[in-house]
Amino acid sequence: MTKNEIELAPNAALLVIDVQKGFDDASYWGPRNNPAAEANIAALMDAWQHSGRPVVLVQHASRTPGSVLAADRPGHAFKDFVADRAGKESLLITKTVNSSFYGTPDLAAWLTAEGIGQLVVSGIQTNMCVETTARMAGNLGYDVLVPLDATHTFDLAGPEGLRLTADQLATATAVNLQGGGFARVVSTAQLLAASGSPTQVTP
């Protein structure tokens with residue numbers, strides 16, 4: 001195995017986190033990064049379903065007043081490319097916080113029951129629910145892979161006028177996850193090559 005190759009377990013689970021229509025509302029979220037995220041997520045879903053590996057869809061039901069991701073808002077729905085592939089997933093989780101491990105049904109219990117020890121974590125937002133889920137998965141002892149190019153996020157303001165762009169936040173996530181030993185940061189192309197599927201990212 002070369003440096004750029006990775007090995008996928010036959011039952012490695014793909015987590016597709018919060019790929020919902022509400023994140024298309026630029027007036028609510030502001031500037032985003034990585035316009036290729038959706039195509040990469042779709043390619044991973046196709047590869048996982050083709051190979052028979054489990055796919056876990058995670059859907060956020062926000063409790064924040066006025067949120068476009070609230071359960072009673074149109075933005076709660078999955079984006080069309082996810083909805084088109086839905087029905088073949090192994091598990092659907094609903095959550096109200098950042099970590100997919102605090103949702104219904106219980107992700108960790110399901111993974112244990114299925115004997116799954118390797119997770120691929122994709123979705124929205126890179127530095128929020130994706131990073132939180134990956135950190136917790138690493139703490140719980142899973143082998144975690146994060147295809148950064150199958151995630152995206154938005155510019156974010158912090159205290160004292162601090163502000164980071166979406167790209168800066170994604171870079172920080174990559175450093176936090178791999179540098180901190182929580183996960184390995186990989187690419188969609190590496191995962192597709194390892195999956196044994198003919199699926200390729202659509203240009």
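Which backbone nitrogen does the side chain of Ser-99 reach? The side chain of Ser-99 lies 3.1 Å from the backbone nitrogen of Phe-101. A polar contact is a pair of N or O atoms within 3.5 Å; within protein, one must be able to donate a hydrogen and the other to accept it, and residues adjacent in sequence count only if both atoms are side-chain atoms.

The model is predicted: local features need pLDDT of at least 70, side-chain atom pairs count only at pLDDT 80 or more, and totals for chains, interfaces and linings use all residues. Residues are numbered from 1 along each chain as its sequence is written, and side-chain values use heavy atoms, with hydrogens and water left out.

The protein chain holds seven helices and ten strands (DSSP runs numbered from the N terminus: helices are H or I of at least four residues, strands are E of at least two). Its radius of gyration, taken over C-alpha atoms, is 16 Å. This agrees with the value near 17 Å for a compact globule of 203 residues, by the rule of 2.2 Å times the number of residues to the power 0.38. The C-alpha atoms fill a box of roughly 45 × 35 × 35 Å along the principal axes. Of the 203 residues, 50% are buried (under 20% relative accessible area with a 1.4 Å probe, protein chains only; exposed is over 50%, partly exposed in between). Contacts (heavy atoms within 4.5 Å) often span the sequence: among those between residues at least 6 apart, 76% join residues at least 24 apart.

Ser-99 sits in the loop between strand 3 (91-95) and strand 4 (103-104). Ser-99 is buried, at 4% relative accessible area. Beyond residues up to four places away in sequence, Ser-99 touches Thr-132, Thr-133 and Met-136.

Lys-79 also lies in a loop, between strand 2 (55-60) and helix 3 (80-85). Lys-79 counts as buried because its relative accessibility is 5%. Outside its neighbours within four places in sequence, Lys-79 contacts residues including Asp-24, Arg-32, Glu-38 and His-152. The C-alpha atoms of Lys-79 and Ala-189 are separated by 22 Å, with these positions 110 residues apart along the chain.

Helix 7 spans residues 188-195. Its buried residues are Thr-188, Gln-190, Leu-191, Leu-192 and Ser-195. Their cover includes helix 2 (37-51), strand 5 (118-124), strand 6 (143-147) and strand 10 (184-186). Gly-196 follows helix 7, with a positive phi near 75°.
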